[in-house]
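The following exercises introduce a protein model to a reader who has not met it before. Each task is followed by a solution in steps.

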Amino acid sequence: MSERAAPTNLTETWLAGLVKVSRQIANMDDVDAMLRSIAAIACKLMNADTTSLALLESQERLALRFQADSIGNFQPEGEWITAPVIRSALEAPAAFCYPLSPEDPPLSWSCAGNLWHVPNAALMPLLLDTIPIGVLWVGRLTDRPFTATELAGLGHLADQMVIALEHGSMAARLQSLAVIEERSRIAREMHDSLAQILGYLGVQMQTLEVLALQGNIDSLVAELRQARELIRAAHADIRSNILSLRTTLAGDLGYVAALRQYLDEFAIQTGLNTSLADYTDSALTLSPLAETQLVRIVQEALTNVRKHAQASKVVVSIATRDRSLFVSITDDGVGMTVTDDTHKHFGLQTMLERAESIGGGLSITSTPGHGTTVVVRVPLL
């Protein structure tokens, strides 16, 4: 087992590893390759002897997806995981260490016909919008337990695995969509968000180190608060992009069902009072291209609400008139003054181009202090 890295080197290793993973996600690399990369990073960063991933499959059965060791060897899929401790991680609110008491036996499970025993382990549930989808755990063959800092790191790695799994699932659906370019565009958005925060953290680590050496506690605390706020905002952007990608690719749902699903999850993520007013009285006749672009327009409008409107409530209305579909997004936020340059800001130009690409149009009505309404019109088939 290698010696524990110095704090500065460890920070650089974390940043380098996360940048590598973000690039793989942005390039939509093979999901197994992404998961293996994360597993190898987990072994290295946490000084673990083994990293394992199990996912929930049919009938709530937990299947071992793969297992890696500290020198990069990977074992194929193994048996169903029945160990009570590992299965209990599905319901855990956060990462936890095992053993739970000195009397507990080593953690045991089977992989490719071999029985593994580790005296120390750290386990983390994989959560997709609060729903458990699997378990990530690392083990040591020594008696050295995992620390609280290492548990927090395991949580970050688990988040990366969820993103990789989401991208793998979405990539499988991309081939059936009319707008393949959405894949690259949304992936670039996620990559930009990740690259920005990781680049900032790289610089921030140097600043924090200097302030700590100088003993400037007030400035150190201020910088930490600023970094925490930026990380929170970046995390919100990434979760929003994942939700947008998943909803955009839900081609089997139909426009209204996909929109309703997105709004429900958007409300949970943001805490905004979000509702759908459906005034249509029959099935909509929209092309797959129009459905995709309409979902993306609503998603981008709601992203603007989340970031800029300071709203507490937003209503999305859909109605048909004169062989056209009208979709309006109305919030009760701070509003703005609409000028000839308004479409150039807040991504509104992209929304307008999307509407025009399917033969429609887009208008904006807003007054400072009285909210904003975005209306998009597209022709029905």
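Accessible areas are obtained by the Shrake-Rupley method with a 1.4 Å probe. The model treated here is predicted.

**Exercise 1.** State how much area the protein chain exposes, and what share of it carbon and sulfur atoms supply.

*Solution.* Step 1: the exposed area of the protein chain is about 18700 Å². Step 2: carbon and sulfur atoms account for 54% of that area. Step 3: turning to the interior, buried residues constitute 46% of the 381 residues in the chain.

**Exercise 2.** Describe the secondary structure of the protein chain and the sequence range of its contacts.

*Solution.* Step 1: the protein chain contains 9 helices and 13 strands. Step 2: consider the contacts between residues at least 6 apart in sequence; 64% of these join residues at least 24 apart.

**Exercise 3.** Determine where in the protein chain confidence is lowest and where it is highest.

*Solution.* Step 1: the mean pLDDT of the chain is 79, with 75% of the residues at 70 or more. Step 2: helix α1 (residues 7–26) has the lowest confidence, at a mean of 63, while strand β11 (residues 324–331) has the highest, at 95. Step 3: for residues 1–7 the pLDDT is below 50, and beyond near neighbours in sequence this stretch has 10 contacts in the model. Step 4: where pLDDT is low, the predicted coordinates should not be read in detail.

**Exercise 4.** Examine the aromatic pairs and decide whether Trp109 and Trp116 are buried or exposed.

*Solution.* Step 1: the structure holds 3 aromatic pairs. Step 2: in one of them, Trp109 and Trp116 are stacked, at 6.2 Å centre to centre and with 10° between the planes. Step 3: a residue is buried under 20% relative accessible area. Trp109 has 3% relative accessibility and therefore counts as buried; Trp116, at 18%, is also buried. Step 4: Trp109 and Trp116 belong to one aromatic cluster together with Trp137.

**Exercise 5.** Characterise the pair formed by Tyr262 and Phe266.

*Solution.* Step 1: these two rings are stacked, with centres 6.0 Å apart and 25° between the planes. Step 2: both residues lie in helix α7 (residues 255–270), 4 residues apart, or about one turn of the helix. Step 3: Tyr262 is buried, with a relative accessible area of 1%, and Phe266 is buried at 3%.

**Exercise 6.** Identify which arginine lies over the face of Phe146 and which sits over the ring of Phe326.

*Solution.* Step 1: over the face of Phe146 lies Arg140, at 3.9 Å from the ring centre. Step 2: over the ring of Phe326 sits the charged end of Arg321, 4.2 Å from the centre.

Note on methods: Residues numbered from 1 in each chain as written. Predicted model: local features only at pLDDT ≥ 70, side-chain atom pairs only at ≥ 80, totals over all residues. Heavy atoms only, no water. pLDDT = per-residue confidence, 0-100. Helix = DSSP H or I, 4+ residues; strand = E, 2+ residues; numbered from the N terminus. Contact = heavy atoms within 4.5 Å. Phe/Tyr/Trp six-rings, centres within 6.5 Å; stacked < 30°, edge-to-face > 60°. Buried < 20%, exposed > 50% of the residue type's maximum accessible area, 1.4 Å probe, protein only. Lys NZ or Arg CZ within 6 Å of the ring centre and 35° of its normal.
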